[in-house]
There are 2 protein chains.
Amino acid sequence: MAPFLSRRDLQFQLYEVLDTAALPSRSRFAEHSREVYDDVLALAYNVAERYFANHTREADLNEPHVIGGKVKLVPAVAEAMRAFRDAGFFSAHHDEALGGLQLPWVVMQAVQAHFQAANIGSSGYPFLTIGNANLLREFASEEQKQKYLMPLLEGRWFGTMALSEPHAGSGLADITTTATPRGDGTYAITGTKMWISGGEHELSENIVHLVLARIKGAPAGVKGISLFIVPRYRVGEDGKPGASNHVVLAGLNHKMGYRGTTNTLLNFGEGGETVGELVGQPGRGLGHMFHMMNEARIGVGMGAVMLGYAGYLASLEYARERRQGRHAGNKDPESETVPIIRHADVRRLLLRQKSVVEGSLALGLYASSLVDDLHTGPEEGRTDTALLLDLLTPIVKSWPSKYSQEALSDAIQVMGGAGYTRDYPVEMYYRDNRLNPIHEGTEGIQGNDLLGRKVTQSGGRGLEVLLARIGADLTASEELGGLGEIREALQKAVAQSSAALLTLLRQAPELGPDLYLANANSALEMLGHTVIGWMWLRQAAVAARTLPQARGDDADFYRGKLHAARFFAVHELPKVRAHADLLASADRTTFDMEEAWF
Amino acid sequence: MAPFLSRRDLQFQLYEVLDTAALPSRSRFAEHSREVYDDVLALAYNVAERYFANHTREADLNEPHVIGGKVKLVPAVAEAMRAFRDAGFFSAHHDEALGGLQLPWVVMQAVQAHFQAANIGSSGYPFLTIGNANLLREFASEEQKQKYLMPLLEGRWFGTMALSEPHAGSGLADITTTATPRGDGTYAITGTKMWISGGEHELSENIVHLVLARIKGAPAGVKGISLFIVPRYRVGEDGKPGASNHVVLAGLNHKMGYRGTTNTLLNFGEGGETVGELVGQPGRGLGHMFHMMNEARIGVGMGAVMLGYAGYLASLEYARERRQGRHAGNKDPESETVPIIRHADVRRLLLRQKSVVEGSLALGLYASSLVDDLHTGPEEGRTDTALLLDLLTPIVKSWPSKYSQEALSDAIQVMGGAGYTRDYPVEMYYRDNRLNPIHEGTEGIQGNDLLGRKVTQSGGRGLEVLLARIGADLTASEELGGLGEIREALQKAVAQSSAALLTLLRQAPELGPDLYLANANSALEMLGHTVIGWMWLRQAAVAARTLPQARGDDADFYRGKLHAARFFAVHELPKVRAHADLLASADRTTFDMEEAWF
């Protein structure tokens, strides 16, 4: 079977493109070294290979189902959870005082990447738990931390995020789940939550739901939303799970993919009182939830990257082995057939996959490194870092989600009929990844976030920082040979994107908010491609610098990087222009379409 | 549930864009009238709705499986086959002498479209049978026709096409199935065939496999391939199926979608002799098979169109009903939420689907009308018609296959999490349609066919005819108001495509065949988009002419056509340029990529 991840590329991204080995010079990471990080990554690989990759298809074919009111999963999931817990990954990035290793977020993200690549479904449980714990660390009271955070960090309890309701998915402002004060500082929670991943299972001693709800009498809209801890089992004085908290499983969602992750409809306050504790400030629930959203959205983007990457590696292995046909110039039917990787169109399909998955891996890890900079980088740069990260987040979330899907389609195409069957994993990755452009904010939401908020925030400073950083990398690569086409294509994309945004922004006052946002998707496409083009320049520059000293496999690796960068520059970046033109024209076509005309 | 097909649009395409009502002026169709066609289409709708749409999901969830050596399907499939047979659709386009109605192919294709939209899986059985019968009508001897064709036309026996082998899918030149003369004019067939749809089931009294094989001693390559009739049960003197012919089911393929159509691995000559009869000339098997390929590839393209169309209608219905959020300009959280169809990005997703599925439906029916012209049109135009049809066929096959997939992705996106679940049909259509870019010649094969054969065939006459027809429609629409942007965008796309092809063709001698074809996919994309742009001009011109007299729903329908044409012109046609530039530059990136660099 093909490997699920390229350890060589991960090393390249962390230590050659990013300077992860220099992080131990920051005080929080003073106990670390590259060896520590490598040991952690090796452990992640081993656990992912042995305990996660072993049941990916099994879990896909045997989706969660309810027996006697309990959600049943294939038994290998519980073993995987134990192995993940024993490896200490639930708390690895937390303070030593909390039992963690204080791992940088970029390393933690690289650790998680192994599990996403090996088994996206099973990795959902720990990653939701990690996200849940991150939020509690930030906003919970000390008492709540003692009660809920510690068992989460130990991996004994699992967590969820319960935002959506049947009538309110993307439109969270309209949620109606209600929290009624019980007089003792706690609340009685009633309502129904939809699309809750990991909402019910037998994998952990307890489940900690983080629930958005309105305190009785709170105003309409987002300002009336508060955040609550709602455990599946009430927690006794001894800190142990006790009686049911009346969070009732109302149904499972049956999905096209991502089947390993149970997805539930939950009723709160059915057959008894559901008790919740307020987290943070009343009326600030959505803000608290979104405080962690950058990390969550990077996580979704990284999941997409790793699914695409695993598909690329599977189709690459197949293309090297499968023989079919001859070159167009060869008319001798008695000559040997060639491995399909020799056909130009197969190489196109593989190069596109390579350029998508390696380009977006670079972006996901770059964004993760910004999360570290935000917390541990030089003080004076943090405001800019925060704005850049904010700007990049909708791209990190949506570009890999969309383009990994295209890459996975290419993987199926390379393998032909074989790729369309369950004998190979690519059809499953294709089904799995189709969720990524939907959850944690749809592509439409990301486009509006990018153009409506992030581009203009703080007077456009985030965009300025982005352009300055791209400009710096363009300048630094000037003296390197062989990057001409890559640099030119990126310069053109940057110029087209900036000009389009300026033109649109100038018209913004007359357009009004709805027409201004009408082609937000083109902004996402245009800036997304440009940013990935930048990530390829960064990779190509490292390769150009290192290649002269490289030998053997290493030299091939760097040549591959240069060639994939060239592919992205020549085959993909020219697509920016059509999006930039559309955006600059403030085209009204979608805006003017009337419902009755469909 | 959403309708699976727009009868209004089908009428528009057949009678307003195409002049199907004029076909009865041709002698073969002299008994017909528009009323006859409408009755046939109404019958198709009723049978498709009642007997095909009723078990689409059931067949998806219960894929074919083997019990006691027999392939079991859900029982509704057999009922659907009876209803299809009772309606006379197996033979409707054949001569009256053969029991047919002599329906024009464009009407027959419209009939088939109903079944593809209602249930792509179950429609596979009759359509394979119809294709099989078409081939026998063309090449079988009179005796063979009596023996095999008649039961196929009566729908008592079903047919398959058995081309691929486990080691030879796209590379048919390398098949090894062998035909050994038995001394009585028949042959003993031995070998294994892969990906055989409808290869084994209990739906019909017999199965007629059309098998490509090499007569013992035949030369290597395509020139050694002959075509054979191989029945599942040997046929006695009385014309009835008798003893087993030792075609043995070696396994079923388990596919991501298209699950209703059994797909098999078959062994010929296992446990006894498999007897086959030669069809047509020895050594001409592939040519005979490909004689029917235009029709087969239009059929695949139409299947893709109809899946995309059904998905569009489902997501449209959802978007009208589902309420979520408010316009960006509305900050009042107490105001009512709006149906999501009011959001610009949802309208973009719906408009793209509309532009894709209605544009490619126009193309599929246009190509079908060319099939009619080829057989019954004015004699003097037939050579040009044949060349145009040849040129369009790879586009008709691959453009809808690729873009319906994107449209179906848009349909899922409109519906968000709901679209990702089995509660709605779009995730199934998405899985189903992913086969279409693979079977009956992959996208890579179509690109090579278009650029390597069809563009240059007969001194480029096919391309000349295409450009002349587009030019004529551009001229004819000059005086119509409101088509400015549509016409300009198309003119630009035509100019860019022609220039790119000319530039490439000039370089062809130095490039050599492999480098000439290296970016064949861009030729497919570029000409595909241009041709769909042309189909939109044709539809927009009809709408512009008719709108002034139209009222109510009709007026809305024509406004929708004009607006979708504008969308395609403004949002899609500008994508042609990047492909044209790449093609003209004879870019070597994919060609130069070495295997070791991946």
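A:Arg577 sits in helix H18 of chain A, which spans residues 576-584. The model is predicted. A:Arg577 has 20 C-beta neighbours inside 10 Å, so this arginine counts as buried, the cut-off being 20 or more. A:Lys454 is 123 residues away from A:Arg577 along the chain. The C-alpha atoms of A:Arg577 and A:Lys454 are separated by 21 Å.

**Positive phi values**

Two residues other than glycine are described next. A:Tyr258 has a positive phi, near 55 degrees. A:Tyr258 lies in the loop that links strand S10 (247-252) to strand S11 (263-268) of chain A. With 25 C-beta neighbours inside 10 Å, A:Tyr258 is classed as buried.

In chain B, B:Trp195 also has a positive phi, near 65 degrees. B:Trp195 belongs to strand S5 of chain B, residues 187-197. B:Trp195 counts as buried because 25 C-beta neighbours fall inside 10 Å.

**Annotated domains of chain A**

UniProt, in an unreviewed entry, provides two domain annotations for chain A. The table pairs each annotation with values computed over its span.

| UniProt domain (unreviewed entry) | Residues of chain A | Helix | Strand | Distance between end C-alpha atoms |
|---|---|---|---|---|
| Acyl-CoA dehydrogenase/oxidase N-terminal | 78-155 | 71% | 0% | 12 Å |
| Acyl-CoA dehydrogenase/oxidase C-terminal | 283-450 | 73% | 0% | 25 Å |

**A helix pair in chain B**

Two packed helices are described by the angle between their axes and the distance between the axes. In chain B, the axes of helix H2 (residues 34-52) and helix H5 (residues 105-118) come within 9 Å. They cross at roughly 15 degrees. H2(B) is therefore roughly parallel to H5(B). The crossing is right-handed.

From H2(B), the contact uses B:Tyr37, B:Val40, B:Leu41, B:Ala44, B:Tyr45, B:Ala48, B:Glu49 and B:Phe52. From H5(B) come B:Val107, B:Ala110, B:Val111, B:His114, B:Phe115 and B:Ala118. By class, the residues of this contact are twelve nonpolar, one polar and one charged.

**Where chain B touches chain A**

The interface involves 77 residues of chain B and 76 residues of chain A. Which helix gives the most to the side of chain B that touches chain A? Helix H17 of chain B, residues 552-572, does, with eight residues. The side of chain B that touches chain A holds 30 nonpolar, 26 polar and 21 charged residues.

Terms used
Residues are numbered from 1 along each chain as its sequence is written. Chains are lettered from A and ligands numbered from 1 in the order in which they are written. This is a predicted model: local features need pLDDT of at least 70, side-chain atom pairs count only at pLDDT 80 or more; totals for chains, interfaces and linings use all residues. Two residues are in contact if their C-beta atoms, placed from the backbone, lie within 7 Å. Helices (H or I, at least four residues) and strands (E, at least two) are DSSP runs, numbered from the N terminus. Ala, Val, Leu, Ile, Met, Phe, Trp, Tyr, Cys and Pro count as nonpolar, Asp, Glu, Lys and Arg as charged, and the others, Gly among them, as polar. UniProt positions are given in the numbering used here, feature names are shortened, and annotations may be inferred rather than shown by experiment. Axes are lines fitted to C-alpha atoms, for helices over the stretch in contact, and angles run from 0 to 180 degrees between N-to-C directions. Angles under 35 degrees count as roughly parallel, over 145 as roughly antiparallel, 65 to 115 as roughly perpendicular and the rest as oblique. A crossing is left-handed if the near helix is turned anticlockwise from the far one by less than a right angle, and right-handed if clockwise. A residue is buried if 20 or more other C-beta atoms lie within 10 Å of its own, exposed if 12 or fewer, and partly exposed in between; C-beta atoms are placed from the backbone.
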